[in-house]
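Colleague: I am new to this structure and would love a close look at one part of it. Could you pick a helix, walk me through its setting, and tell me what lies around it?

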Amino acid sequence: MMALSRPLLSFAVIALPALAFNNIPFRNLHRKVHLAPSNAVVGDNLEVVDVTVKATELDDSLGLSPEEKTVVNIHRVCSPSVVYVTSVLSSTSPVSTRTRRGRKKAESNNSQKQENKLPNGMSLGSGSGFVIDSDGYIVTNYHVVQRAYESNQAVLQYEKFWDDLAKNTTKSIKDKLSFSSSNVVDNVEGVLNRTVNAITGRENNETEVLPAGVFVRFGENGETDGSVTSYYSCEIVDVKKELDIAVLKIMESSDKMNNLLKPMEYGSSSNLVVGQSLLAIGNPFGLDRTITSGLVSATGRSVTGVAGNQIKNCIQTDCAINPGNSGGPLLNLKGEVVGVNTMIISASGSSSGIGFAVPGDSVKESADKIIELDKQRRLRNAKRKGRGWVGAAVATSSLEESLRKRLLSSSLEQNKNSDEVVGAFITSIDTKSPLMSQAGVSTTSITNGNVQIGDRIVNAGGNAIENAEAFVTEMKGRVEGENLSLTIENAGGERRVVYVTLGQIPL
C-alpha cells in the first residue's frame, strides 16, 4: 500500500464517467461581462460589468443532465474548502553558526511571510486537506505533515531537555545556597540561564520559530485578491497517528479569511453501502481541486496506517486517487465528508482503482476533540473562561442507535409509554467529574457481548436532551463554574434531578 503525499514526475489524464447523484444546494455565479454596442469595432474600449447568474440557469443553458448538474454543483460548493497542504524545512537557518540545534529567528523570511509566499527550503511533503471549522482548522493526513511534525518535535524535545536541566540545576543550587543572600541566588540563576541560552543558541529577547513550517493554499484562483497564489502558515495543532490524521490551524486571523473558510459538513460513514456513488476532491500531482468519481467498492476494510496499527472500518473505493490526494475528502452525493483519502494499492504508484479512506465517523470524533481542546487552551491562555465540563462521556453513532433500539424495544415489551425522549446514554464518568459527587449514577457497560444499559441524561438546564448530539450542543453553550441541573433517567424509567458545578476541561 502506498501513502499519497509525494508528487511524481508524470501523470495521465483520465476521462471519468458521470454518475447519478441527489441534488445539493446551488450557488449563484458571479462573472465579469464585456458590454459591446451594435456598432462596436475591434479595438474599442468596452464597458465591464458584474453579472450574477443563477447556477441552475447556467447549467440549464449548457444542456447538462441532472446527474452532471449534481456533480458540477458538488464541485462548485465543496472545492473551495479543499486546500493544498505542503511543508518546508527552511534553508535560512544558519546551522553552521548557530550550534547543533540550528533554529531560525522569527524575523527570517519576513518578506516572504508578508507576501504569503513559501519560504526557501527543502520540501518535506505535500498533499490535500479540507476546512472543517470557520476558525481556520483544517484536517489532513498525518503522513502529509509527518516529516515536519517529527522535525519540530525533535527541536521541542531538545529545548525541553535544556530547560528542565536549567530548572533542576537552579533548584539544586538554590537549596544549597539557601543561607546566602537573594542577590547571590539571583546571580547564580542568571548565569545558569545565560549558559543554557548560549549552549542552545538562544539569545536574550530573541523570538524563535520551529524549523519546519506547514502551509496551505486555497487553489490557484481562490485567493483573496484573485491574482496571486497565497500560502498561509499553519500550526500543527495535534495528530492522531492511529487514524493517520492531523489537525492544522491557519495562523492568519480568521476575520481576514472569512470568504475562504467554508467548513465542510460530515456525513455518516457507517451508513455507506457497497455500490454507493462517491466523489473525491484533492490535489493530485499538485493539480488543485481535482474531482474524480467512483463507487464504494467495499466497507469495513482494515489497512495498516503510518503508526503501524490497523485502521479499522476503512472505505475502499475506485475513485481515482493519486499522489497528492492524501488528506482530501471523500464525499457522498450530498457533498458530505464520509472519509479522508489516505492510501492506494498500486504497482505503478498511480491509481489502479483500489483506494482507501479513513472513515469519516472516526475522523470527526477525533478531530472535534482536538479542535475543542485547542480552543479551550487558547481561551485559558487569554485568561478567559472556557466551556464548562461535566466529565461524562456519552454513546454516539452506531452504539447510540443500538442502545436506543434496545431501550425502546424493552419499553414496548413491558407495555411502557416511551414518549420517544430517550436521552444521552452515559458510557463513562471521569474520576474528576463533578458527577462523581452524585451517588448512584450508573453507566452503560458491555461485557462479553452483554449490554447493561445504565443512566441517561434526558434534560439539562431545563432543555430536553433527545440524544448525544443534543447533549453536546447543550454543553457547548455552558461555561466553567456554572451551576447546572441534570435530569437523569435509569433503564427502568425512574428519574431524578442532580445539580453540578461545571469544571474546567482537562487539557
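**A helix and the barrel it lies across**

Modeller: Happy to! Let me begin with the whole chain: among contacts in the protein with a separation of 6 or more, 67% are between residues 24 or more positions apart. Please keep in mind that this is a predicted model. The protein has 507 residues, and 44% of them count as buried. It contains eight helices and 27 strands. About 26,200 Å² of the protein is exposed, with 49% of that supplied by carbon and sulfur atoms.

Now to the part I would choose, helix α6, which covers residues 360-381. A good check to start with is its length. The helix has 22 residues, and at 1.5 Å a residue these should span 32 Å. The C-alpha atoms at its ends are 31 Å apart, so the expected span and the model agree.

What does α6 lie across? Four strands: β6 (121-133), β7 (137-141), β10 (232-240) and β11 (245-250). Relative to β11, the helix runs at about 40°.

Those four strands belong to a closed barrel of six strands, in the order β4-β6-β7-β11-β10-β9, with antiparallel pairing. From one strand to the next, the twist averages 40°. To see how β4 and β9 are joined, look at residues 82-90 for β4 and residues 212-217 for β9: six bridges connect them, and the two strands run antiparallel. One place to find this in the viewer is Y84, whose bridge partner in β9 is R217.

Back to the helix itself. Its buried residues are G360, V363, S366, A367, I370, I371, E372, D374 and Q376. Charged names such as E372 and D374 appear in that list alongside V363 and I370. The buried residues of α6 pack against β6, β7, β10 and β11, and also against β16 (337-344) and β17 (355-359). After the helix comes K383, which has a positive phi, near 60°.

One last stop is S297, in strand β13 (residues 290-304). Its C-alpha atom is separated by 9.1 Å from that of G355, although the two are 58 residues apart along the chain. Is S297 buried or exposed? Neither fully: its relative accessibility is 30%, so S297 counts as partly exposed. Leaving aside residues up to four places away in sequence, S297 touches V274, Q316, T317 and D318.

Note on methods: Residues numbered from 1 in each chain as written. Predicted model: local features only at pLDDT ≥ 70, side-chain atom pairs only at ≥ 80, totals over all residues. Heavy atoms only, no water. Pairing = 2+ DSSP bridges. Axes fitted to C-alpha atoms, helices over the stretch in contact; angles between N-to-C directions. Contact = heavy atoms within 4.5 Å. Expected span 1.5 Å × (residues − 1). Buried < 20%, exposed > 50% of the residue type's maximum accessible area, 1.4 Å probe, protein only. Areas by Shrake-Rupley, 256 points an atom, 1.4 Å probe, with all protein chains shown as cover.
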